Amino acid sequence: MATFSCMEVQEMVTDYLHKELDGEKRNLVKEHLGGCGDCLSHYSTEAQISTLIISSSWNQESTQEIVNRVRLRIESEPEN
Ligand SMILES: [Zn+2]
């Protein structure tokens with residue numbers, strides 16, 4: 001069975017979040033996220049950004065400001 005590299009998974013994370021991947025790709029991405037901390041943290045960053053963008057705060061700040069804030073918060077968290 002084909003697997004994806006980390007780079008491929010991280011490129012597809014946004015589509016995965018928006019449920020735009022077909023079933024087979026979706027399962028492969030899901031499996032990879034289950035076993036790869038790097039891709040999982042990338043995924044949670046994207047998930048938090050998506051959540052914030054659709055929340056009510058988005059029209060008071062620019063989307064880019066929200067994205068920057070979430071990235072900073074995640075990058076400042078300890079690894080373990
Ligand atoms: Zn990975």
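A crossing of two helices is called left-handed if the near helix is turned anticlockwise from the far one by less than a right angle. Keep that in mind for the view of helix 1 and helix 2 below; everything shown here comes from a predicted model.

**View 1. The whole chain is built from four helices and zero strands.**
Follow the protein chain along its sequence and you read the pattern α-α-α-α. Of its 80 residues, 11% count as buried. Take the contacts in the chain with a separation of 6 or more: residues 24 or more positions apart account for 48% of them.

**View 2. Helix 1 keeps its buried residues on one side.**
Start with length: at 1.5 Å a residue, the twelve residues of helix 1 should span 16 Å, and the end C-alpha atoms are indeed 16 Å apart, so the two agree. Now look for the buried residues of this helix, which are V9, M12, V13 and Y16. They cover an arc of only 150° around the axis, and that puts them on the same side of helix 1. Turn to the face that points away from this buried side and you'll meet the exposed residues M7 and E11. As for partners, the buried residues of helix 1 pack against helix 2 (23–35) and helix 3.

**View 3. Seven residues make up the largest nonpolar core.**
Here you can pick out V9, M12, V13, Y16, V29, C39 and Y43. Two elements give two or more residues to this core, namely helix 1 (6–17) and helix 3 (37–54). Which of the helices gives the most to the core? That's helix 1, with four residues. As a bit of background, nonpolar side chains in soluble globular proteins tend to be buried together. Zoom in on V29 and, leaving aside neighbours within four places in sequence, you'll find V29 in contact with F4, V9, M12, Y16 and L21.

**View 4. Helix 1 and helix 2 make a left-handed crossing.**
Two packed helices are described by the angle between their axes and the distance between the axes. For helix 1 and helix 2, the axes come within 10 Å and cross at roughly 115°. Which residues meet here? From helix 1 come V9, M12 and Y16, and from helix 2 come K25, R26, V29 and H32.

**View 5. H32 is a buried residue of helix 2.**
A residue needs 20 or more other C-beta atoms within 10 Å of its own to count as buried. H32 has 22, so it passes. Setting aside neighbours within four places in sequence, the contacts of H32 are T3, F4, V9 and C39. Try looking for S5 too: H32 and S5 are 27 residues apart in sequence, while their C-alpha atoms are 8.7 Å apart in space.

**View 6. K19 has a positive phi although it is not a glycine.**
Most residues other than glycine have a negative phi. At K19, phi is about 55°. You'll find K19 in the loop between helix 1 and helix 2. Is K19 buried or exposed? With 7 C-beta neighbours inside 10 Å, K19 counts as exposed.

**View 7. A2 sits in the segment before helix 1.**
A2 counts as exposed because it has 6 C-beta neighbours inside 10 Å. For a link across the chain, find L28: the C-alpha atoms of A2 and L28 are separated by 8.3 Å, with the two residues 26 apart along the chain.

**View 8. L40 and T45 are two residues to look for in helix 3.**
L40 has 15 other C-beta atoms within 10 Å, so it is partly exposed. Between the C-alpha atoms of L40 and V9 there are 9.7 Å, although the two residues are 31 apart along the chain. T45, with 18 C-beta neighbours inside 10 Å, counts as partly exposed. What does T45 touch, not counting residues up to four places away in sequence? The residues are V70, R71 and I74. As for that last partner, T45 and I74 are 29 residues apart in sequence and 7.1 Å apart in space, going from C-alpha to C-alpha.

Conventions. Residues are numbered from 1 along each chain as its sequence is written. This is a predicted model: local features need pLDDT of at least 70, side-chain atom pairs count only at pLDDT 80 or more; totals for chains, interfaces and linings use all residues. A nonpolar core is a set of buried Ala, Val, Leu, Ile, Met, Phe, Trp, Tyr and Cys residues joined through C-beta atoms within 7 Å. A residue is buried if 20 or more other C-beta atoms lie within 10 Å of its own, exposed if 12 or fewer, and partly exposed in between; C-beta atoms are placed from the backbone. Two residues are in contact if their C-beta atoms, placed from the backbone, lie within 7 Å. The expected span of a helix is 1.5 Å times one less than its number of residues. The arc is that of the directions from the helix axis to the C-beta atoms. Axes are lines fitted to C-alpha atoms, for helices over the stretch in contact, and angles run from 0 to 180 degrees between N-to-C directions.
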